[in-house]
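Visitor: Could we zoom in on the ligand site and look closely at what surrounds it? I'd like to see how that spot fits into the rest of the chain.

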Amino acid sequence: MAHYQKKKAVILLQDGTLFWGKSTGLEGEATGEVCFNTGMTGYQEIFTDPSYLGQIMVTTNAHIGNYGVKADEVESEGIKIAGLVCKNFSEYKSRPSADGSLYDYFDDQNKLIISDVDTRALVRHIRDKGAMNAIISTNTEDIDKLKQKLSEVPSMEGLELSSKVSTKEAFDYGEENGDVKIAVLDLGVKLNILRNFAKRGASMRVFPMTTSFEEMMEWNPDGLFVTNGPGDPAAMMNTVKVVKQMIDSVLPVFGICMGHQLIAQAMGLSTYKMFNGHRGINHPVKNLLTGKGEITTQNHGFAVKMEDVEASETVELTHIHLNDNTPAGIRIKDKPVFSVQYHPEAYPGPHDSSYLFDDFINLINTHKK
Ligand SMILES: NC(=O)CC[C@H](N)C(=O)O
């Protein structure tokens, strides 16, 4: 028990509520919007998902850390969450194939974990009161100072964060001379999306978010993809303009999560901040085109306005979230363009929705003929 000091730690919420916990041995402070993920597995993939940039993650699974970390179970090159709040933290790993412990992983990247928090009560509180900012700290003496620091944290609403995680240089991924060429507009891509296209024989070029439409087209792609990403989609007007050009090209376009929200915006629909986002691996969605249900992975705090989808003459609702009837997927009526609010790459999560990658590749192939 070298690190496990069991000193006090705290999470202070924007509405003034305090939840006490224990230090895991890692010391410090972290601020951001507090959110919870109900997935029972896949913590490393969640912590490295760029869409979580700047968020304090509360895990509802009772045990975190017990299976350690593995170099290839990542969605980006490092931890993207601002900090972690959990119930039982294990600094020891019990998986023969693990490369290291979660403790060392966080320690090396200078990130904070606090444990022994009543995460059920905390999640119920956030669920009742809605999304809000929080500060976690192992310096628990001066709560007023924490309140002061918390008051300076910007609201997630209106925040553009993709520029912090988008690639700085374009890079190639997948097959060298694949059957189809997909240009990826990177707003903070999860690697498993690229792995899914690669598995289907695609060549990709991943472009920084500041790339112009013309620059992407110079590569001569067969299809265009808009990625997931952190922050408020309403704060990305420049990117929406590029996405509009992508839609207006004759090429097939696919968008996931942030990509979906930006495609909707480019079609004149608006997005809004949800009272509570969807974050987990068991969210029920109905595919309205086939009538089939899908259990999906989700991670979003914003959504496209349902009234706008219903009122649109050009956009058609293709998928609906069955818990709260929010739009889960759309397509453009007279164009080869579609998008989903959830995560078919499902890392972690069930693979019910992986057909969407096949659909996109098929759409590209049909279009090429
Ligand atoms: N995973 C994502 O792409 C998230 C999109 C956006 N940041 C949201 O929270 O809704």
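Guide: A quick word on naming before we dive in: helices (H or I, at least four residues) and strands (E, at least two) are DSSP runs, numbered from the N terminus. Also keep in mind that this is a predicted model.

With that settled, let's start at the ligand. There are 13 residues around it, and the closest are Ser51, Asn228, Cys257, His300 and Phe302. Where does the largest share of that shell come from? Strand β16, residues 293-304, supplies it, with four residues. Sorted by class, the shell holds eight polar and five nonpolar residues, with no charged ones.

Now bring in the record. An unreviewed UniProt entry carries a "binding site" annotation on Ser51, Gly229, Gly231, Met258, Gln261, Asn299, Gly301 and Phe302. Those positions are spread over 252 residues of sequence, yet they cluster in space, with a largest C-alpha distance of 13.2 Å. Ser51 and Phe302 carry the annotation, and both are also among the residues closest to the ligand.

Let's pick two of the annotated positions and walk around them. Gly301 is part of strand β16. Is Gly301 buried or exposed? The cut-off for buried is 20 or more other C-beta atoms within 10 Å, and Gly301 has 22, so it is buried. If you skip neighbours within four places in sequence, Gly301 is in contact with Cys35, Ala131, Met156, Lys273, Met274 and Gly277.

Gln261 is the other one, and its home is helix α9, residues 258-266. Gln261 counts as buried because it has 31 C-beta neighbours inside 10 Å. Not counting residues up to four places away in sequence, it touches Pro233, Thr271, Phe302 and Val304. Phe302 should ring a bell, as one of the residues closest to the ligand.

Helix α9 deserves a longer stare. Nine of its nine residues are buried, so the helix is largely enclosed by the rest of the structure. Running along it, they are Met258, Gly259, His260, Gln261, Leu262, Ile263, Ala264, Gln265 and Ala266. Just past the end of α9, Gly268 takes a positive phi of about 90°.

Ile263 from that helix leads us on to the packing. The largest nonpolar core has 54 residues, and Ile263 is listed with Ile182, Val184, Leu185 and Val243 as touching the most other members. Take Leu185 as a sample: leaving out neighbours within four places in sequence, its contacts are Phe207, Met209, Thr211, Phe225, Val226, Thr227 and Val242. Apart from this core lies another, of 45 residues, with Ala30, Phe36, Tyr52 and Ala82 among them.

Next, step back to the overall layout. The domain assignment splits the protein into domain 1 (8-151) and domain 2 (162-368), and their C-alpha centres lie 28 Å apart. Where they meet, 22 residues of domain 1 are in contact with 21 of domain 2. On the domain 1 side, β3 (29-37) and α3 each supply at least two residues, with β3 giving the most, three in number. By class, that side has eight nonpolar, nine polar and five charged residues. The unreviewed UniProt entry also annotates residues 7-137 as "domain: Carbamoyl-phosphate synthase small subunit N-terminal". Over that stretch the chain is 18% helix and 33% strand, and the end C-alpha atoms are 11 Å apart.

Helix α3 spans residues 119-129, and Arg127 sits in it. Arg127 is exposed, because only 12 other C-beta atoms fall within 10 Å, and the cut-off for exposed is 12 or fewer.

Last, some backbone details for you to check on screen. Most residues other than glycine have a negative phi, and most peptide bonds are trans. Asn110, in the loop between α2 (102-108) and β8 (112-115), has a positive phi of about 60° without being a glycine. Asp116, in the loop between β8 and α3, also has a positive phi, near 60°. For a cis bond, look at Tyr347 and Pro348, where omega is about 10°; Pro348 is in the loop between β19 (337-340) and α11 (355-368).

Technical notes:
Residues numbered from 1 in each chain as written. Predicted model: local features only at pLDDT ≥ 70, side-chain atom pairs only at ≥ 80, totals over all residues. Near = placed C-beta within 6 Å. Nonpolar A, V, L, I, M, F, W, Y, C, P; charged D, E, K, R; others polar. Core = buried A, V, L, I, M, F, W, Y, C linked by C-beta atoms within 7 Å. Contact = placed C-beta atoms within 7 Å. UniProt positions renumbered as here; feature names shortened; annotations may be inferred. Domains from an automatic or database assignment.
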